[in-house]
Amino acid sequence: MLKLSFVLYGLAWTAVFIAALIHGGRRWGISRTAAFFIPAVAFGWLLEWAFQSLFHGYQYGEGFLLYAANVPVSVALTWATLAYWGYWLVTVKLRIRHVLVAPLLTAVLMVVVDALHFEPM
């Protein structure tokens, strides 16, 4: 059964994902944006699938609109969106472009946002 809060979450993050696609397409072009987002979405999905399947961390249950192997598609889109906006913040706004430091800071931002916003307290 669908849950309104899950559906709204999915729709909101899908909208933010689309905004990131548009932003990336305008700033870096379609090819580079696709080269970023395709693996980012795959990574987000794989991260959630692995945590659920291999480590038996948690299950999402029913409530989202669309799933791929028990992972809500909107959750994979959320991880990709966090990666994009985090990397943009680090490299464009903070001007940190070191090949190792920029991705590391992006990952830290993603984990902090996940821990503070998405994880139940």
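R95 is exposed, because its relative accessible area is 64% and the cut-off for exposed is over 50%. The model is a predicted one. R95 lies in the loop between α3 (73-93) and α4 (101-118). Its backbone deserves a look too. Phi of R95 is near 60 degrees, a positive value in a residue other than glycine. Most residues other than glycine have a negative phi.

R95 also has company on the surface. Together with R27, K93 and R97, R95 makes up a patch of positive charge. Take R27 from that group. R27 belongs to helix α1, which covers residues 4-28. How exposed is R27? R27 counts as partly exposed, because its relative accessibility is 45%. Partly exposed is the class between under 20%, which is buried, and over 50%, which is exposed.

Now turn to A69. A69 sits in the loop between β1 (67-68) and β2 (71-72). Phi of A69 is near 55 degrees, again a positive value in a residue other than glycine. A69 counts as partly exposed, because its relative accessible area is 48%.

From A69, jump to V108. V108 is part of helix α4. Along the chain, V108 and A69 are 39 residues apart. In space, their C-alpha atoms are 27 Å apart. V108 is partly exposed, because its relative accessible area is 45%.

Next comes the surface again, with nonpolar side chains this time. L2, L4, L8, L11, L65 and L66 form a nonpolar patch there. Together they have about 640 Å² of accessible area. One of them, L11, is found in helix α1.

The loop between α2 and β1 offers three residues to visit. Start with F64, which is found in that loop. Is F64 buried or exposed? F64 is buried, because its relative accessible area is 8% and buried means under 20%. What does F64 touch, apart from its neighbours within four places in sequence? Its contacts are L2, F6, Y9, P72, S74 and V75. Look also at G10. F64 and G10 are 54 residues apart along the chain, and their C-alpha atoms are separated by 7.1 Å.

E62 is in the loop between α2 and β1 as well. E62 counts as exposed, because its relative accessibility is 57%. Leaving aside residues up to four places away in sequence, E62 touches M1, K3, F6 and Y67. F6 is therefore a contact of E62 and of F64, with contact meaning heavy atoms within 4.5 Å. How far apart are E62 and M1 in space? The answer is 6.0 Å from C-alpha to C-alpha, with their positions 61 residues apart in sequence.

G57 is the third stop in the loop between α2 and β1. G57 counts as partly exposed, because its relative accessibility is 38%. Its C-alpha atom is separated from that of L105 by 25 Å. The two residues are 48 apart along the chain. Beyond residues up to four places away in sequence, G57 touches F51 and Q52.

That contact leads to Q52. Q52 lies in helix α2, which spans residues 30-53. Is Q52 buried or exposed? Q52 counts as buried, because its relative accessibility is 4%. Its contacts, not counting residues up to four places away in sequence, are G57, Y58, Q59, Y60, N70 and V71. Helix α2 thus gives us a buried residue, Q52, in contact with the partly exposed G57.

How values were computed. Residues numbered from 1 in each chain as written. Predicted model: local features only at pLDDT ≥ 70, side-chain atom pairs only at ≥ 80, totals over all residues. Heavy atoms only, no water. Patch = residues over 30% accessible without salt bridge, like charges linked within 9 Å, V, L, I, M, F, W, Y side chains within 5 Å. Areas by Shrake-Rupley, 256 points an atom, 1.4 Å probe, with all protein chains shown as cover. Salt bridge = Lys/Arg side-chain N within 4 Å of Asp/Glu carboxyl O. Lys, Arg positive; Asp, Glu negative; His and termini not counted. Charge placed at Lys NZ, Arg CZ, Asp CG, Glu CD. Helix = DSSP H or I, 4+ residues; strand = E, 2+ residues; numbered from the N terminus. Buried < 20%, exposed > 50% of the residue type's maximum accessible area, 1.4 Å probe, protein only.
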